[in-house]
Amino acid sequence: MNKKPNQFNDVSKLTEEPLVSYKTEDLMKLPYIDEEPPIEPPKEKWLENYDFSLDGHTDFDIPKPKSEDEKKNLVNRFLNGLEKLFDYQNNWTFGKIFKLSMDYCVGCQTCSEACHTYIASGRQEIYRPTFRSEILRRIYKRYFTKGGKYLKSFVGADVELNYKTVWRLLELSYRCNICRRCAQYCPVGIDNALIAREIRKLFSEEMGIAPSELLKKGTRQHIKTGSSTGMTTPAFKSLIEYIEEDIHERTGRKIKVPVDKKGADILLIHNAGEFLAWPDNPAAFAILFDAAGINYTLSSETFGYDSVNYGLWFDDVEAARIGLRHLKIAKELGVKKIVVGECGHAHKSFCVILDRMLPGEFSIPDIPRESCIPLMWEVVQSGRIKFNPERNNFPFTLHDSCNIVRLMGIVQPQRNILKAVCAKPLREMSPNGVKNYCCGGGSGFAIMNTLNFAQFRKKVSERMKVKQVLEVFNDVLNPDINKMVVTTCSNCKGAMRDAIGHYGLWNKYRILYTGLAEVIVNAMADIPPFLKWEFEE
Amino acid sequence: MLLVLFGWLSIFIFVAGVFYRIVKFASMPLNLRWEVYPVPHESKEKRIIGASYMEEVDWAKKPIHKSLWGEIVEIGYEIFFLRKVREYNPYNIWAPSMAMHWGIYLLFTWIFFLLAENVYDIKFLNKIINITGVVSFILGASGCLILIVKRAANADLKLYTAPVDYFNLLFLLSIFVTGFISWWIDPSFIHSKKYIKDIISLNPSSVPFAVILNFLLFELFLIYMPFTKLLHYVAKYFTFHHGLWDDRFKEKDSTIDRKIIEQLSYKVTWAGPHVVGGKSWLEEAQEYKLDETKSDKGKK
């Protein structure tokens, strides 16, 4: 095991050997897990074409540069992009916070213990929140500041820039979930997670390099087909029909899910992944909103049935394109507001990020958009629906989505709901609320499965959440007792599914996951129980 | 006379330098919202759990609570108690950091009292000056020294410490040590008061070398500080108020909206294959291209 590079220049080593390599026993110990699958090295057949030289993992199936010209070209394009990150015409969106974060970090390392990836990895130096920032800072100083040019290593402008440095920096930007817990801890307000995001942006906006799940099969596909899942309008409509039939079969209720209803009060917009992977979630919304008499609609317009905006994680240009189309649909439908379904980053996109990304007519008072969670709490406490909390008489915990909780401050309504519709008290993880740990699937990780990236996710980035879940249920781990992790985000559900499968939490301990709407509907007294206690990988 | 003039020059450069930096920071573009909760200007009930106005249904139509007091308390905790360092830092640097920062605060307080005593002839300040000065020098020197040792001895911290960081700490240390020596040879700071009087009256006189050195180093520090990351105490106003705590949503035709409209007219020259290029930000959002056959060669 090699935990600590001796100096930052190690990232420039012209070697195929990973900068660090670790085994399962080097990672943070997990309670109640005696055995877990070992960390496998990359397959031999991959090594010739793809670069694993950071930590033996990658999601990039981009062939390594072979010729000197290709390598030089990569470095030059990187430098062009880096210059643009500091140019306010090209980066007005985050230029100020980025520049301040680059210039005023005092190197106290207070942020380190905030990072679930760093801790869970057994404190591998390369995953420390400041590591990638410091490399970028040293390159920036060397190439773009007078101090760096003349004083060189005295001011830390000493990182050798070659194609390996560039590539390892790219990889490093995808070892951070951008949960921004580190920014919450920093006494100076430095945002190392933003720096990771800006590195991603440099590669995407300047070089077109991003994980294929985020760019090619993500935002590009979203723009081309209307959904990052590739779902088209006819496919969406037939899924709605399926959901209506399913609701009828399970509850006896014939519910017509409103689609493209002009002048409805609310446009409800789900993550399209829900329709495909967890259709019970949009079904639960349909049952709940129908029972509450909410005048709402879904949209079958392209963009209108998929709330995701992957641009948030790596590309401002793509984020603005998708966001603009989302808001236009609400305008065309003439709804009073948009309500975002259970998807964390879509919450932040609609309610926070798009606010200053588009001009006046798309301002929040003109097209109000808000989270589904306060609305669901309003429904629960309104008395319009009769709930039987005994239906939810199982131990449960709540995983807080970083985007909804730490980055939007929606903390209490989901807790109020669970208190109202569950028989047992909420088991809070430690820490929770705005200080929660990320699920490990944030910023795109949950859907990144090219080459062996999923191994990093399962072993390292999801590890802290697995520890928290096991600890919160430590007194009821008996497999005769069903236990539930409730979460309000598709990405988090994806990560929970991944972790439960990998660590065998369902098979060993009967730990399952679900969305919030399903738990509410499960407690509705006048229909049969709704939750399914089955685990599907 | 040169020393007297240098004293004034250092104050001028310090004030001008800090002002220049503040203007530079304030004139940077308005960034997208990027807040992190807890945001301290929320109501007490919400602030305690890190909640926001977005917990309400129809929040855009409701009055938003803003508590300046909440921000002042939060800022005060950070400035005077370095709360986050105390709670979260794993390297036990809180005590020396507190000592160093309080050494600096008291150093400026000491200088301020020296000026006040000279200008207004307030006799009762004498005792306060004596105490403030010596406490500043002892705290500041010990804090800097321990931080230097910690940074050099702890492998984790050492990796992130460039020579200039040691230089900064040594620079500060030299001010506190020479201050301590000047107190040692002159416990009532009679010569320090004289030095300040000379600067105010533009009338140089003879003071011990240790006192001259102490003030000379302090004056050099005033000139140096605004152009280094030692100015983080100013930068953090912007990282917090314009970043982590900026939860203002915009309204049509508001100041924020006009600023955003202006920034949306900036030209995009990113060279990625999916970027149309040469268009404004708003046009890029409107005119996406589906065909990515454009060369992906980088361009400036």
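Which residue forms a salt bridge with A:D191, and how far apart are the closest N and O atoms? I started my notebook with that one. The partner is A:R180, and the closest N and O atoms sit 2.8 Å apart. Note to self: this is a predicted model.

**Entry 1: the A:D191 pair**

I looked up where the two residues sit. A:D191 is in the loop between α8 (181–185) and α9 (192–207) of chain A, while A:R180 is in the loop between α7 (163–173) and α8. They are 11 residues apart, and the pair is listed as linking distant parts of the chain. Then I checked accessibility. A:D191 has a relative accessible area of 0%, so I put it down as buried. A:R180 comes out at 1%, so it is buried as well.

**Entry 2: A:R253 and A:D526**

Next I went to another salt bridge in chain A. The side chains of A:R253 and A:D526 meet at 2.8 Å, N to O. A:R253 lies in the loop between α11 (233–251) and β1, and A:D526 in the segment after α23 (516–522), so this pair ties together parts of chain A that are 273 residues apart in sequence.

Is each partner buried or exposed? A:R253 has 19% relative accessibility and counts as buried because the cut-off is under 20%. A:D526 is exposed, at 52%, and the line for that is drawn at over 50%.

**Entry 3: across the chains**

I wanted a salt bridge between chains and found B:D156 with A:R128, at 3.2 Å from N to O. B:D156 belongs to helix α7 (residues 155–159) of chain B, and A:R128 to the loop between α4 (116–120) and α5 (129–144) of chain A, so the pair joins two chains. I noted both residues as buried.

For the wider tally, I get 55 salt bridges over all chains. I also jotted down a network of salt bridges that links A:E16, A:D51, A:K64 and A:K164.

**Entry 4: strands in chain A**

Chain A has 23 helices and 7 strands. I traced an open sheet of 4 strands, which are ordered β2-β1-β3-β4 with parallel pairing. Its edge strands are β2 (296–297) and β4 (369–371), each of them pairing on one side only. I followed β1 (residues 266–269) over to β2 of chain A: the two run parallel and are joined by 2 bridges. Here I found A:I266 opposite A:Y296 in β2.

**Entry 5: chain A as a whole**

How does the radius of gyration of chain A stand against that of a compact globule? For 537 residues the globule would have a value near 24 Å, and chain A has 23 Å, so the two agree. The C-alpha trace of chain A spans about 75 × 55 × 45 Å along its principal axes.

I wrote down burial next: 70% of the 537 residues of chain A count as buried. About 16,700 Å² of chain A is exposed, with carbon and sulfur atoms supplying 48% of that. On contacts, I took those in chain A between residues at least 6 apart in sequence; 79% of them join residues at least 24 apart.

**Entry 6: domains of chain B**

Last lookup of the day. Chain B is divided into domain 1 (2–33 + 67–244) and domain 2 (265–299). I noted that domain 1 is written as two stretches, 2–33 and 67–244. Taken over C-alpha atoms, the centres of the two domains of chain B are 48 Å apart.

Methods:
Residues are numbered from 1 along each chain as its sequence is written. Chains are lettered from A and ligands numbered from 1 in the order in which they are written. This is a predicted model: local features need pLDDT of at least 70, side-chain atom pairs count only at pLDDT 80 or more; totals for chains, interfaces and linings use all residues. Side-chain values use heavy atoms; hydrogens and water are left out. Domain bounds come from an automatic or database domain assignment. Two strands pair if DSSP finds at least two bridges between them. The radius of gyration is taken over C-alpha atoms; the globule rule is 2.2 Å times the number of residues to the power 0.38. Buried means under 20% relative accessible area, exposed over 50%, partly exposed in between (1.4 Å probe, protein chains only). Contact means heavy atoms within 4.5 Å. Accessible areas come from the Shrake-Rupley method with a 1.4 Å probe; for residues, only the protein chains shown count as cover. A salt bridge is a side-chain nitrogen of Lys or Arg within 4 Å of a carboxyl oxygen of Asp or Glu.
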